[in-house]
Amino acid sequence: MTLLEATDLRRHYKVRAGRGPFGAKATLRAVDGVSLKIEAGRTLGLVGESGCGKSTTGKLVLGLIAATAGTVRYAGNDMPPTGSAAWRALRPRMQMVYQDPLGALDRRLPVGVQIMEPLAIHGQASPAERRERAAEVMTAVGLQRHQFDRYPHELSGGQRQRVVLARALMTEPDLLVCDEPISALDVSIQAQVVNLLLDLQDRLGIAYLFISHDLRVVRQVSHEVAVMYLGRIVEQGEAESLFAQPTHPYTRALVSAIPVLGPRRERLLLQGDPPNPVDVPSGCAFHTRCPFAVATCRAEAPVLQPTADGRQVACHRADEPALQVAA
Amino acid sequence: MGVPLVEIAGLTVDFGNDWRSRAVDGVDLAIAPGEALGVVGESGSGKSVTWLAALGLLPARARVGGSVRLEGQQLVGAPARLLESVRGKRIAMIFQDPSSCLNPVHRIGRQLGEALKLHRGLSGAAGEAETLRLLDQVGIADAKRRLSDYPHQLSGGLNQRVMIAMALAGQPDLLVADEPTTALDATIQAQILALLAGIRRDTGMALVLISHDLGVVAENVSRVAVMYAGRLVEEGLGQDLFDAPRHPYTQGLLAALPTLTGPRRRLAAIPGTVPEPGKAPAGCSFAPRCPLAEPRCMSEPPASRRVGLLHRAACHLQIEPGFSAGALPRAAE
């Protein structure tokens, strides 16, 4: 069952490109035509470099910020407008988990109080029931009951992220948008939280939109993966095959840039930095850094098209076998 | 190893009065001229503090003990004049966040010129020519125009290149790179690491690469030291250490790492957390999280011993190569 379906989402910001208050106006296309589907109980991974629009996409699908254009359907119905009563009523069904747990928690409140807060906000359950439910959820995420009265600074980074997760789980959501949920944690703690997320999905059937720049972690948790570059999805497909045989030149560069422990692989080293999103190159936005770019790439923007192996790729040269050999 | 360039012996760093809050606890480490050494560890393991202490860059309340010798010359407790002639000139350091290391109100060219004047006495036309050469060496295109840019006009990757150029200004024998790519995107990280490898090839400079990312270290250095809670737990040649780690912590760290290839399996997480400062156990600091811990691990700190060619581990147990504590069944995570 499709839990969430976003179609042609766009979010544009008006910015000043020139200097000072009278500078030339420009449009920053943070998200520019993103369509994605999240199935109930499954995980869609969203990867890309900083500034590619992956976090904005996460907020757009929840309606935390209003889209400039495009539609979101949640469990078969249109998403109500941001801030409306109907939207508020839907909010307990979908929650957000951020990167920095210390920033997401109130330092002056015991964590238990913060875990109970979502139920108070949505007016669910009596105070006694809230406390009981908080204790249950804390156990589910691997926290101990005596930690209920602790303050965030008394817990370790991994425990704080468990508190944030516990709070998000209080309203029994169907969908969690996790924005770099483990990037702030140490390596040995990351594995604990990754395993916890997978266990929770198994037990509770939660769907995740998992946003991260760490491809190894995304591969570990995702069923499907979408790769973003400058506000658009350039490749989307089944997680394991996408990382084993990336098709889009950008995905290939991204995968080959990951340092590995084993034997060294051939690396596709990109030149330069990603372009400024205010001034997106013509045609395919990646052509300025793409080693395979031809004249068509500079003129025409490629659209996402299904390939033979069930992948979706936005590249003019995706079908050329010669290109695969060159990589 | 021949004569070491830098030899650290029994280095300790205390920030408080309690021995339990030791940030670095008896680190022995040597680096040969031209060698590339990786130092891995989690936050708070002391991997950065070790090198800050070696260069006398810690605040006054930190008490540094032991010895750090640069070609025989003692740096711990050395007079400021001596340290000033070492810092930037013999040993340079670059940090994680380049934009906070550069002065935001001065142009790139001026900041590079300052380093050249300080370390090499170059100024005027000679200084400018050398500045351009350095920017060119670190792969900044259109160097001439960049000289008049401010740090905020450059991307994170370009700023890190400027920092590397500034570190190269003194033609150091050793570059200590503390998480140089952690704040950068994956494709930019690959560029910067390729650049560092190229510079090392051209100049024969030694490199200490401090990172939490085992992959980054594995691909860029020949020898690796693993730190945990202020102590050096294992040290060896890269492939030996990654193929057959002997310390349960190194084994756990490797088993906890998701991979990009091969079948997906459940990650073997290391239970528990790093001991808080001031609460280090009396014995081996990894003992509370170690699946193999014995009673003596709790009370006696293990000494570092040889487990193979250029391979040392600080563990009481005789762990055979091939055996992995990371694969043992675990109690609650």
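Reader: Hi! Quick one to start: is C284(A) buried or exposed?

Author: Hi there! C284(A) counts as buried, at 12% relative accessibility. Keep in mind that this is a predicted model.

Reader: Okay, and how many disulfides does the structure hold?

Author: There are 0 disulfides over all chains.

Reader: Why does C284(A) have no bond to the closest cysteine sulfur?

Author: That comes down to distance: the closest cysteine sulfur is in C297(A), and at 6.0 Å from the sulfur of C284(A) it is too far for a bond. A disulfide here needs the two sulfur atoms within 2.5 Å.

Reader: What about C290(A), how far is its sulfur from the closest cysteine sulfur?

Author: For C290(A) the distance is 6.2 Å, again to C297(A), so a bond is ruled out as too far. C290(A) is buried too, with a relative accessible area of 17%.

Reader: Let's switch to the two chains. How many residues does each one bring to the contact?

Author: Chain A brings 40 residues and chain B brings 43 residues. Between them they bury about 3,700 Å², with 51% of it on carbon and sulfur atoms.

Reader: Which residues of chain A lose the most area to chain B?

Author: Those are R216(A), R219(A) and L261(A), which together make up 19% of what the chain A side buries.

Reader: R216(A) sounds fun. Which side chain does it meet in a salt bridge?

Author: Its partner is D213(B), with 3.2 Å from N to O. Across the interface of chain A and chain B, the rule finds 5 salt bridges. There are also 23 residue pairs in polar contact between the two chains.

Reader: Which helices of chain A each supply at least two residues to that side?

Author: Four helices of chain A are listed: α7 (187-204), α8 (215-221), α9 (239-244) and α10 (249-256). The largest share comes from α7(A), with 8 residues. By class, the chain A side has 18 nonpolar, 9 polar and 13 charged residues.

Reader: Now chain B on its own. How many residues of helix α11 are buried?

Author: In α11 (residues 248-255) of chain B, 8 of its 8 residues are buried. Among them are P248(B), Y249(B) and L253(B).

Reader: What covers them?

Author: The cover includes α7 of chain A, along with α9 (214-220), β9 (223-228), β10 (231-237) and α10 (238-243) of chain B.

Reader: And α1 of chain B, how many of its residues are buried?

Author: For α1 (residues 47-54) of chain B it is 7 of the 8, so that helix is largely enclosed by the rest of the structure. The buried ones include K47(B), W51(B) and L52(B). Just after α1(B), G56(B) takes a positive phi of about 65 degrees.

Reader: Where is Q189(B), and what does it touch?

Author: Q189(B) sits in helix α8 (residues 186-203) of chain B, and it counts as buried at 11% relative accessibility. Not counting residues up to four places away in sequence, Q189(B) touches P259(A), T181(B), L184(B) and V216(B).

Reader: Last one! What does the side chain of N220(B) have 2.7 Å away?

Author: A polar atom of the N220(B) side chain lies 2.7 Å from the backbone oxygen of V216(B). N220(B) is in helix α9 of chain B and is buried, with a relative accessible area of 17%. Leaving aside neighbours within four places in sequence, N220(B) is in contact with A36(B), L193(B) and L209(B).

Key. Residues are numbered from 1 along each chain as its sequence is written. Chains are lettered from A and ligands numbered from 1 in the order in which they are written. This is a predicted model: local features need pLDDT of at least 70, side-chain atom pairs count only at pLDDT 80 or more; totals for chains, interfaces and linings use all residues. Side-chain values use heavy atoms; hydrogens and water are left out. Contact means heavy atoms within 4.5 Å. Buried area is the accessible area (1.4 Å probe) that two parts lose on being put together, summed over both. A salt bridge is a side-chain nitrogen of Lys or Arg within 4 Å of a carboxyl oxygen of Asp or Glu. A polar contact is a pair of N or O atoms within 3.5 Å; within protein, one must be able to donate a hydrogen and the other to accept it, and residues adjacent in sequence count only if both atoms are side-chain atoms. Ala, Val, Leu, Ile, Met, Phe, Trp, Tyr, Cys and Pro count as nonpolar, Asp, Glu, Lys and Arg as charged, and the others, Gly among them, as polar. Buried means under 20% relative accessible area, exposed over 50%, partly exposed in between (1.4 Å probe, protein chains only).
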